[in-house]
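Colleague: I have a few questions about this one before I set anything up. Can we go through it piece by piece?

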Amino acid sequence: MDPLSLSACASPTKALILRYFDKSNGKRRKRVMPIREERWDSNTDLSHICENLYFRHSKYLKDVEKQQVIHVLTVLKSVVDGNKVEKSVETAKSVQSSDSDKSKGENQKKKETRKVSFKETPEQKLLSDDFEIEFMMTTSSFERNVVLLLGEGNFSFAVSYLNHIRANDPHTTIIASDFKTDANEIDTTTQMNIEYLKSQKVHVILDLDARSLHEHQIIRTLTQRNYIFLKVIFNFPQTNDSKKMKIGSNRKLLREFFESVSNICEEERSEVYVSLCAGQGGTPVDTKIRKFGDSWQIVNMATFGGFILKQVEPFQCDYLSSGFRRTAKHFNTDGALTYLFVKREKKVNTCQIWNKIFIDFQSNFKDVFPLSTQRVENCQFDNFYNNCSDCQHLVVSNTKELQLFERLHVLFGKKFKVTQSENNLRVNNLHIGTRWDSTFIICVKTIAKIFFGVNDCRLLRSVYTYVDNENVLNTGSLFPPIYTHDVSFWIIDAHKWNENALIDTVREVLQSILKQIELLETFTDINTGRTSKCYRISHQSVDCALSKDDSNQIQLKLRNHISRNLEGILIR
């Protein structure tokens with residue numbers, strides 16, 4: 001018999017609760033030991049109660065140190081006296097520390113991890129509405145930085161990860177978990193790994209469902225006590241359905257996981273790692289490319305929890321895989337990838353004004369081009385953000401065209417070819433300027449897009465944009481999903497219909513998530529003579545998480561806005 005945890009029940013009957021592992025049948029069991037002591041006051045002798053418990057339950061308590069029992073009884077006594085659990089635990093720790101100092105040199109105190117739980121009356125509840133409140137404690141303080149490992153299976157990855165992290169960060173608390181509801185699922189290898197992890201001060205949880213992390217008592221308690229989940233690692237998730245293994249079920253699993261883990265993660269600080277087999281992720285960098293509809297669509301599923309994909313790496317770990325279709329069989333990890341996500345929910349319009357990178361580029365532009373600049377209304381170099389009243393434009397007269405070409409070559413280097421075709425100025429066939437009468441008008445914003453290697457103006461506006469090591473603009477969001485919606489309407493009054501008014505309305509509602517708007521189809525009814533137009537509108541957030549549900553809600557808002565504010569049309 002191996003003791004697993006020692007608990008105490010304060011009401012309706014005071015009792016000690018021992019959870020242990022029965023080696024004879026490989027099952028986890030619980031033993032409730034009532035405390036037959038009617039008086040609980042300042043004169044209560046806890047050592048006497050302890051002796052009575054050992055006398056009546058020696059079979060179960062023989063492997064439990066009396067010091068641990070005294071510690072639990074001390075907390076229980078304080079709770080019965082009406083104190084909060086948190087204060088009771090601190091009091092017991094101080095008493096235990098004092099006793100330890102007295103006996104120092106006689107018996108070296110064994111440091112081991114234990115779980116203490118108390119059942120309280122409704123008036124004594126401290127952290128939640130649950131009847132049982134659990135605390136995971138060690139003889140030292142519980143570290144505030146936590147690494148949570150999910151879906152461990154045989155816990156071989158946890159063993160490998162432990163040996164790696166302890167060499168670099170010995171103070172981080174590790175919680176290794178799996179969703180095992182049947183003790184018969186624990187084989188010999190798994191049990192050996194669990195015992196080793198516990199001996200290395202790793203906390204093991206066997207009933208943790210990745211789809212409801214925030215509802216688990218231990219995880220909820222740690223979150224409420226401001227513990228920081230620095231990393232959450234979920235390797236090769238799979239559903240419990242071992243027969244069908246439908247892709248839709250796996251997508252649902254990922255979605256529910258991200259929705260749950262979002263409750264315990266801090267924005268921009270916590271990191272969530274998910275490893276998938278080759279081809280499952282549905283990203284352009286997958287080692288085995290599938291049709292997007294045949295993948296798990298991990299980036300899209302992560303948006304439901306407010307997460308963006310920050311990095312993708314090959315899965316590299318020396319461990320023994322198991323759990324193929326919920327069995328003990330191994331599975332192939334060749335070509336597997338690990339996806340790193342961070343939480344970044346969209347709260348405001350992050351692309352409303354020019355960011356510091358573009359402002360600095362624009363202010364330094366005169367160092368390369370000591371020519372006159374001015375502001376030009378109705379700039380035609382960007383289809384969706386035409387209002388460039390806050391963007392500088394370069395105005396070059398005919399007498400300085402040669403100087404202009406020389407400066408452009410200095411700015412872009414040899415890999416860019418500057419050419420002039422009729423009244424248009426191009427860099428590598430990209431239009432950057434137009435001749436008006438005797439001058440060239442060049443948009444500085446367009447030059448910045450070419451210089452930084454981007455084709456989306458929003459990267460010059462996003463507050464999350466930074467310049468990476470290759471001098472390319474980046475927001476830290478890889479492969480953000482794109483959602484397309486169509487809007488169709490009848491033109492009932494051609495004199496009132498104005499396409500520019502439609503585009504302005506779309507910009508006003510969608511703001512920074514507008515990627516593209518294009519006329520898809522024009523149709524004229526030969527019977528009524530009315531004309532119908534269909535526009536395709538693409539949504540995408542270049543820097544924050546945008547889920548399909550969010551996109552649908554915004555599109556519904558756009559349709560209502562168009563119907564109310566645009567004259568001469570009737571939404572179909």
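Colleague: Which ring does the charged end of R255 sit over?

Modeller: The ring of F304, with the charged end of R255 placed 3.7 Å from the ring centre. Keep in mind that this is a predicted model.

Colleague: And the charged end of K66, which ring does that sit over?

Modeller: That of Y54, at 5.3 Å from the ring centre.

Colleague: How many aromatic pairs does the structure hold?

Modeller: There are 10 aromatic pairs. One of them is F258 with F307, a tilted pair with 5.6 Å between centres and 50 degrees between planes.

Colleague: Where in the chain are those two?

Modeller: F258 belongs to helix 8 (residues 247–261) and F307 to strand 11 (residues 307–314). They are 49 residues apart, and the pair links distant parts of the chain.

Colleague: Is F258 buried or exposed?

Modeller: F258 is buried, at a relative accessible area of 0%. F307 is buried too, at 1%.

Colleague: Which residues form a cluster with them?

Modeller: The aromatic cluster consists of F234, F257, F258, F307 and F341.

Colleague: What about W490 and F523, how are their rings placed?

Modeller: The centres are 6.3 Å apart and the planes stand at 55 degrees, so the pair counts as tilted. This pair also links distant parts of the chain, with W490 in strand 21 (residues 483–491) and F523 in strand 22 (residues 514–524), 33 residues apart. W490 has 12% relative accessibility and counts as buried, whereas F523 is partly exposed at 40%.

Colleague: Strands 21 and 22, then. What is the strand order in their sheet?

Modeller: The order is 22-23-21-24, an open sheet of 4 strands with antiparallel pairing.

Colleague: Which strands stand at the edges?

Modeller: Strand 22 and strand 24 (569–571) do. Each has a single partner strand, so one side of each is left without a neighbour in the sheet. On average, neighbouring strands here are turned by 30 degrees against each other, ignoring direction.

Colleague: How many bridges are there between strand 21 and strand 23?

Modeller: There are 9 bridges in that antiparallel pairing. Strand 22 and strand 23 are likewise joined by 9 bridges and run antiparallel. Strand 21 and strand 24 pair antiparallel over 3 bridges.

Colleague: Which residue in strand 23 is the bridge partner of F489?

Modeller: K533. F489 also stands opposite I571 in strand 24. Another bridge partnership puts E518 with R536 in strand 23.

Colleague: How many residues lie between strand 22 and strand 23?

Modeller: The two form a hairpin with 6 residues between them. G529 is in the turn and has a positive phi of about 80 degrees.

Colleague: How many residues of strand 23 are buried?

Modeller: 7 of its 9 residues are buried, so strand 23 is largely enclosed by the rest of the structure.

Colleague: Which strands does helix 13 lie across?

Modeller: Helix 13 (residues 499–510) lies across strand 21, strand 22 and strand 23 (531–539), at about 30 degrees to strand 23. Helix 14 (residues 548–565) lies across strand 21, strand 23 and strand 24, and runs at about 15 degrees to strand 21.

Colleague: Changing topic to backbone angles. What is the phi of E268?

Modeller: Near 65 degrees, which is positive in a residue other than glycine. Most residues other than glycine have a negative phi. E268 is in the loop between helix 8 and strand 10 (271–276) and is partly exposed, with a relative accessible area of 40%.

Colleague: And the phi of Q297?

Modeller: Also a positive value, near 50 degrees. Q297 lies in the loop between strand 10 and helix 9 (298–303), and at 13% relative accessibility Q297 counts as buried.

Colleague: Last one, helix 3. How far does it reach?

Modeller: Helix 3 (residues 66–80) has 15 residues and reaches 21 Å from its first C-alpha to its last, close to the 21 Å expected at 1.5 Å a residue. Helix 3 is mostly covered, with 11 of its 15 residues buried. Among them are V69, V72 and L76. Just after helix 3, G82 takes a positive phi of about 105 degrees.

Technical notes
Residues numbered from 1 in each chain as written. Predicted model: local features only at pLDDT ≥ 70, side-chain atom pairs only at ≥ 80, totals over all residues. Heavy atoms only, no water. Expected span 1.5 Å × (residues − 1). Buried < 20%, exposed > 50% of the residue type's maximum accessible area, 1.4 Å probe, protein only. Phe/Tyr/Trp six-rings, centres within 6.5 Å; stacked < 30°, edge-to-face > 60°. Lys NZ or Arg CZ within 6 Å of the ring centre and 35° of its normal. Pairing = 2+ DSSP bridges. Axes fitted to C-alpha atoms, helices over the stretch in contact; angles between N-to-C directions. Contact = heavy atoms within 4.5 Å.
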